[in-house]
Amino acid sequence: MTKLTRRILVTALALAAGSAMAQDIKPRLIRFGYGLAEASNQGRAVKLFAEQLAAASGGKMKLRAIGGAALGPDTQMQQALIGGAQEMMVGSTATLVGIVKEMALWDTPFLINNAKEADALLDGPIGEKVKAKLEEKGLVGLVYWENGFRNLTNNKRAVARLEDLDGIKLRVMQNNVFLDSFKSLGANAVPLPFSELFSALETKAVDGQENPYNTILSSKFYEVQKYLTVTNHVYSPWIVLVSKKYWDGLSKDERAALQKAAVAAREFERKDTRDEAAKALTDLKAKGMQINELSPAEAGRMRDRLTRVNASIAANVGMDLWNETQAELGRLRAR
Ligand code: TF8
């Protein structure tokens, strides 16, 4: 080797090492909590997130996934993130309404009609605006994932007409929009954390609940619920959250690695969830559930009752945000 080639080689090696070291990433261990089972769309996406994070950080940022609400229900994890006792979580936007009132926007019945609208609205300026409200409350929202369109199950009777809901004890998420929505449909709505739902259904403390097909499957609600009514009454997002205290201590590169992994997991999660939902009804039927669709007339009556809560949602999230959302949806639908 001539002196010159040796010098070139040494320089090349130094440059390569330099670019790896330019990544300001320290060894990190992130406790990431979630509420559903490991064998669920949520669990699968968290696993992919962990892999993507390792890849984006040269193996330095490690994610410890803790599912099945082992770290507590959503509201408890949110407080742990705010206090800095836990680094990350994914959960329902609906359980955040007590912290950021604008999150109630996503609870508006029939706001979103399909997956395309959901992605465009959540990933666009409206979704960003709502997400940004978290920071002053001690949370950082990275991305929205899909929970999905919610449908009704119960153990009393097939719900074919609005009146069939009369007196049904229905578990709802801990949030006033859901409480008002289902009260206005005539159900006896009871707020409960998700982690208590299976046993409440099993012991018949409640008669029914509402969640996307994916969750009815992965949480085995078909074991304790006979009737499923296709209502698609609201599109529920999930949101990936980081403790702001933790986030503030991260370098630019560490933040970028987290954001990159969150987006990759979002793309995976939405596809996985939609694929699973598309065949879920067949699966749930095979598990013994009795499934019915509402007649257009009854669906219309339900829709009409549910949208009576819109005025109070608009007042709560603010008229500006409400109007901007309607305008954005108008634009998306005109495309
Ligand atoms: C509910 C939600 C839950 C999710 C999950 C725990 O009904 O849909 O399934 O928030 O992340 O509480």
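Which cavity is the space taken by the ligand? In this predicted model, the ligand occupies the largest cavity, a cavity being a set of points on a 1 Å grid over the protein atoms alone where a 1.4 Å probe fits but cannot get out. A molecule is said to sit in a cavity if more than half of its atoms lie within 2 Å of the grid points of that cavity. The model is predicted, with local features requiring pLDDT of at least 70 and side-chain atom pairs pLDDT 80 or more, whereas totals for chains, interfaces and linings use all residues. Residues are numbered from 1 along each chain as its sequence is written, and side-chain values use heavy atoms, without hydrogens and water.

The ligand is surrounded by 13 residues (each with a heavy atom within 4 Å of it), and Gln42, Asn147, Arg150, Arg171 and Asn211 are the closest. This shell comprises 4 nonpolar, 6 polar and 3 charged residues. Because domain 1 (27-147 + 237-278) and domain 2 (151-234 + 280-334) both contribute residues to the shell, the ligand lies between them; the domain bounds come from an automatic or database assignment.

Oxygen atoms of the ligand lie at short listed distances from several side chains. An N or O atom in the side chain of Asn211 is 2.7 Å from a ligand oxygen, and for Arg171 the corresponding distance is 2.8 Å. A polar side-chain atom of Asp74 is 3.3 Å from an oxygen atom of the ligand.

Notes. A polar contact is a pair of N or O atoms within 3.5 Å; within protein, one must be able to donate a hydrogen and the other to accept it, and residues adjacent in sequence count only if both atoms are side-chain atoms. On a 1 Å grid over the protein atoms alone, a cavity is a set of points where a 1.4 Å probe fits but cannot get out, and a pocket is an open set with protein on both sides within 12 Å along at least five of seven lines; lining residues have an atom within 4 Å of a point. Ala, Val, Leu, Ile, Met, Phe, Trp, Tyr, Cys and Pro count as nonpolar, Asp, Glu, Lys and Arg as charged, and the others, Gly among them, as polar.
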